[in-house]
Amino acid sequence: MEDSYQTWLWGKTAERCVKNLKKNGFDAHFVETVAEAKALILEMVSSYKAFGFGGSNTTRALGVKEQLESMGKAVYDHWQKGLAKEEDLTIRLHQVRSDCFLCSANAISATGEIVNVDGIGNRTNGMTFGPAKVVIVAGMNKVTPDVDSALRRVREIAAPMRAKSLGMQTPCAETGLCTDCNAPQRICRITTILHRKPILTDVSVVLINQALGF
């Protein structure tokens, strides 16, 4: 029963979020399930030839990458085991030069801004300049009331959990608290806020009425 109320509340929040994202120039959508999101995204991007995938559990949970590969598309994904440093860098460069870039967001405000923090910058760069099409997929657990709360979400939830999942030697991966550290493996080095759609990039946002990713 509690889950049904959460789903209802997320739906109401999504209505405001989609409205404000569209007001800010983004192509925004709200769907109930992962299957709906997958079908919608494939319809959006099927005409493109080369695809980059930013570091994201959410996009991979959809199965879009495998579907694109089965269609003979070029897919650049640095989440592969055994890559040498040079191979990893080459893939990341291909990502930001692809026709279409797929990723998630660390937080999306209900007021219509998209907030991300990166360590290397391939994801934040790929979302803003390079690919003609960008698709950002996020569960409703990543939607916050405003930009300030979106930035807090990154510090208090997304960054510690991501650092822990990657096995980083950072204070937040030990304590769960951000200390604005100078650790060599710090993953919070670049912050971007998409206040409006980038001039040269078509950005679609797909919100899913589920909790997905960090």
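In the predicted model, D118 and R123 form a salt bridge whose closest N and O atoms are 3.1 Å apart. Both partners count as buried, since D118 has a relative accessibility of 9% and R123 one of 7%, each under the 20% cut-off for burial. Salt bridges that share partners also join R60, K65, E69 and D77 into one network. Across the structure, the count comes to eight salt bridges.

Within that network, K65 forms a salt bridge with D77, the closest N and O atoms lying 3.7 Å apart. This pair links distant parts of the chain, K65 being placed in helix α4 (residues 64–70) and D77 in strand β3 (residues 74–77), twelve residues apart. The two partners are again buried, because the relative accessible area of K65 is 14% and the relative accessibility of D77 is 5%. R60, which belongs to the network that also holds K65, E69 and D77, has a further contact of another kind: the charged end of R60 sits over the ring of W79, at 4.1 Å from the centre of that ring. Aromatic pairs, by contrast, are absent, a search of the whole structure having found zero of them.

A salt bridge in another setting is formed by K12 and E15, with the closest N and O atoms 3.8 Å apart. Both residues belong to helix α1 (residues 2–23), and because they are three residues apart in that helix, K12 and E15 are separated by about one helical turn. With a relative accessibility of 37%, K12 counts as partly exposed, whereas K65, at 14%, is buried. Helix α1 is also the place of W10, which counts as buried at 17% relative accessibility. W10 and V206 are 196 residues apart along the chain, and their C-alpha atoms are separated by 14 Å.

The analysis of open space gave a largest pocket that holds about 890 Å³. Its lining comprises 39 residues, and those nearest the centre of the pocket are R92, D118, G119, I120 and L166. D118 therefore combines two roles in this description, as a residue nearest the centre of the largest pocket and as a buried partner in the salt bridge with R123. Two or more lining residues are given by each of α3 (57–61), α5 (85–96), β6 (114–118), α6 (122–128) and α7, and among these elements α5 gives the most to the lining, with seven residues. In composition, the lining of the largest pocket divides into 16 nonpolar, 13 polar and ten charged residues.

Enclosed space was treated separately, given that rolling a probe the size of a water molecule over the atoms shows where empty space is left. The count comes to one cavity of 30 Å³ or more, and the volume of the largest cavity is about 140 Å³. Of the 13 residues that line the largest cavity, C172, C178, C181, R186 and C188 are the closest to its centre. Helices α7 (147–165) and α8 (171–175) each supply at least two residues of this lining, and α7 likewise gives two or more residues to the lining of the largest pocket. The lining of the largest cavity is made up of eight nonpolar, two polar and three charged residues.

Two loop residues complete the description. D180 lies in the loop between α8 and β9 (190–194), and its phi is near 50°, a positive value in a residue other than glycine. Most residues other than glycine have a negative phi. At 54% relative accessibility, D180 counts as exposed. E32 is found in the loop between β1 (27–31) and α2 (34–45), and with a relative accessible area of 38% E32 is partly exposed. From E32 to I190 the separation is 158 residues in sequence and 31 Å in space, C-alpha to C-alpha.

Key. Residues are numbered from 1 along each chain as its sequence is written. This is a predicted model: local features need pLDDT of at least 70, side-chain atom pairs count only at pLDDT 80 or more; totals for chains, interfaces and linings use all residues. Side-chain values use heavy atoms; hydrogens and water are left out. Rings of Phe, Tyr and Trp (its six-membered ring) pair if their centres lie within 6.5 Å; planes under 30 degrees apart count as stacked, over 60 as edge-to-face and the rest as tilted. A charge sits over a ring if NZ of Lys or CZ of Arg is within 6 Å of the ring centre and within 35 degrees of the ring normal. On a 1 Å grid over the protein atoms alone, a cavity is a set of points where a 1.4 Å probe fits but cannot get out, and a pocket is an open set with protein on both sides within 12 Å along at least five of seven lines; lining residues have an atom within 4 Å of a point. Grid points are joined across faces, edges and corners, and a volume is the space filled by probe spheres set on the points. Helices (H or I, at least four residues) and strands (E, at least two) are DSSP runs, numbered from the N terminus. Ala, Val, Leu, Ile, Met, Phe, Trp, Tyr, Cys and Pro count as nonpolar, Asp, Glu, Lys and Arg as charged, and the others, Gly among them, as polar. A salt bridge is a side-chain nitrogen of Lys or Arg within 4 Å of a carboxyl oxygen of Asp or Glu. Buried means under 20% relative accessible area, exposed over 50%, partly exposed in between (1.4 Å probe, protein chains only).
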